[in-house]
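Colleague: Got a minute to walk me through this one? I'd like to go from single residues out to the whole chain.

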Amino acid sequence: MTEQAQRPGTSPAPRPAPRVVVLDHGSGNVRSVVRALEAAGAEVELTADRDRALTADGLVVPGVGAFAATAEQIRAVGGDRIVERRLAGGRPVLGICVGLQVMFETGDEHGERAAGLGQWPGEVTRLQAAVVPHMGWNTVDAPTGSTLFSGIEHERFYFVHSYAARRWEMEQIGSITPPQVTWAEHGGDRFIAAVENGALTATQFHPEKSGDAGAALLANWLRTLPRRSAEGSA
């Protein structure tokens with residue numbers, strides 16, 4: 001028996017912590033995101049380094065503020081190409097708040113249309129509610145079988161936004177499993193609160209500001225990540 005072989009009656013070695021890169025593109029909420037991911041069990045690095053972002057087990061794309069500015073910041077550090085390449089290889093990406101919005105084709109803020117990363121068809125527009133921004137705790141309507149919301153389907157999450165994707169426009173393609181879309185409502189206006197689309201996941205709310213429910217959601221996402229056995233392996 002080699003030294004590495006498991007002895008009878010012993011427990012298997014614990015899985016290594018998933019390595020997660022939070023894309024550093026100038027977003028203002030990155031430190032709280034890093035801390036929340038670390039608390040959920042990840043080994044986290046804040047960087048815009050291409051190789052580190054490509055080889056991490058998971059990539060998080062945070063975002064606050066305006067759609068156009070966030071999309072421009074992401075492109076400025078090559079984040080659009082990093083996201084595209086990771087998704088082409090089935091490597092998980094998580095967008096948060098405006099990090100969800102920029103995954104759509106376009107955003108329309110104050111009459112200014114800006115191009116997003118185009119991972120999903122559709123447009124981000126202003127919420128049609130009497131009180132905007134939508135700020136505070138809200139429930140969500142998660143689909144049956146959601147991995148992201150497993151065990152927390154009826155919890156409340158923290159939102160801060162004036163704009164949202166208010167329609168889901170991606171059409172079903174053959175027998176491919178369709179994305180799971182979670183919805184929320186503010187002032188009678190229904191909007192997309194989260195999307196689970198293969199390797200690409202995103203939330204309109206802030207899990208890092210959502211207390212125990214947000215921590216559980218991040219842990220659910222981390223459990224979906226593949227583990228790379230060697231530093232920098234592809």
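**Residue by residue, then the whole**

Modeller: Sure, and keep in mind that this is a predicted model. Let's start with Gly214, which has 0% relative accessibility and therefore counts as buried.

Colleague: Which helix does Gly214 lie in, and which residues does Gly214 touch beyond those up to four places away in sequence?

Modeller: Gly214 is part of the helix spanning residues 211-223, namely H6. The C-alpha atoms of Gly214 and Phe149 are 9.7 Å apart, with their positions 65 residues apart along the chain. As for touching, once residues up to four places away are set aside, the partners of Gly214 are Phe157 and Pro207.

Colleague: On to helix H3: where do its buried residues sit around the axis, on the same side or spread around?

Modeller: H3 covers residues 67-76, and its buried residues are Phe67, Thr70, Ala71 and Ile74. Their arc around the axis is only 100°, so they are on the same side of H3. Glu72 and Ala76 are exposed on the other side of H3. So the arc to remember for the buried set is 100°.

Colleague: Which residue just after H3 takes a positive phi?

Modeller: Look just past the end of H3, where phi reaches about 75°. The residue there is Gly78.

Colleague: Is Cys97 buried or exposed, and what is its phi?

Modeller: Cys97 is in the loop between strand E4 (93-96) and helix H5 (98-101). The cut-off for buried is under 20% relative accessible area, and Cys97 has 4%, so Cys97 counts as buried. Most residues other than glycine have a negative phi. Cys97, not a glycine, has a positive phi of about 60°.

Colleague: And His110, buried or exposed?

Modeller: His110 sits in the loop that runs between strand E5 (104-109) and strand E6 (112-115). Phi is positive there too, near 55°, in a residue other than glycine. Exposed takes over 50% relative accessible area, and His110 has 73%, so His110 is exposed.

Colleague: Which two residues does the cis peptide bond join?

Modeller: Most peptide bonds are trans. The cis one here has an omega of about 15°. Its proline is in the loop between strand E7 (120-126) and strand E8 (134-139). The bond joins Val132 and Pro133.

Colleague: Gln128 caught my eye as well; which residues is Gln128 in contact with, leaving aside neighbours within four places?

Modeller: Gln128 is in the loop between E7 and E8. From Gln128 to Phe191 is 63 residues in sequence, and 9.9 Å in space from C-alpha to C-alpha. Without those neighbours, the contacts of Gln128 are Arg166, Gly187 and Asp189.

Colleague: Zooming out, what is the radius of gyration of the protein?

Modeller: The protein has six helices and 13 strands. For 234 residues the globule rule gives 17 Å, and the protein comes close to that, so it is as compact as a globular protein of that length; its radius of gyration is 18 Å.

Colleague: What share of the contacts between residues at least 6 apart join residues at least 24 apart?

Modeller: For background, 48% of the 234 residues count as buried. The C-alpha trace spans about 70 × 40 × 40 Å along its principal axes. The share of those contacts that join residues at least 24 apart in sequence is 70%.

Colleague: Last one: how far apart are the centres of the positive and negative side chains?

Modeller: The protein has 22 positive side chains and 27 negative ones. The distance between the centres of the two sets is 4 Å.

Definitions and conventions:
Residues numbered from 1 in each chain as written. Predicted model: local features only at pLDDT ≥ 70, side-chain atom pairs only at ≥ 80, totals over all residues. Heavy atoms only, no water. Helix = DSSP H or I, 4+ residues; strand = E, 2+ residues; numbered from the N terminus. Buried < 20%, exposed > 50% of the residue type's maximum accessible area, 1.4 Å probe, protein only. Contact = heavy atoms within 4.5 Å. Rg over C-alpha atoms; globule rule 2.2 N^0.38 Å. Lys, Arg positive; Asp, Glu negative; His and termini not counted. Charge placed at Lys NZ, Arg CZ, Asp CG, Glu CD. Arc of directions from axis to C-beta.
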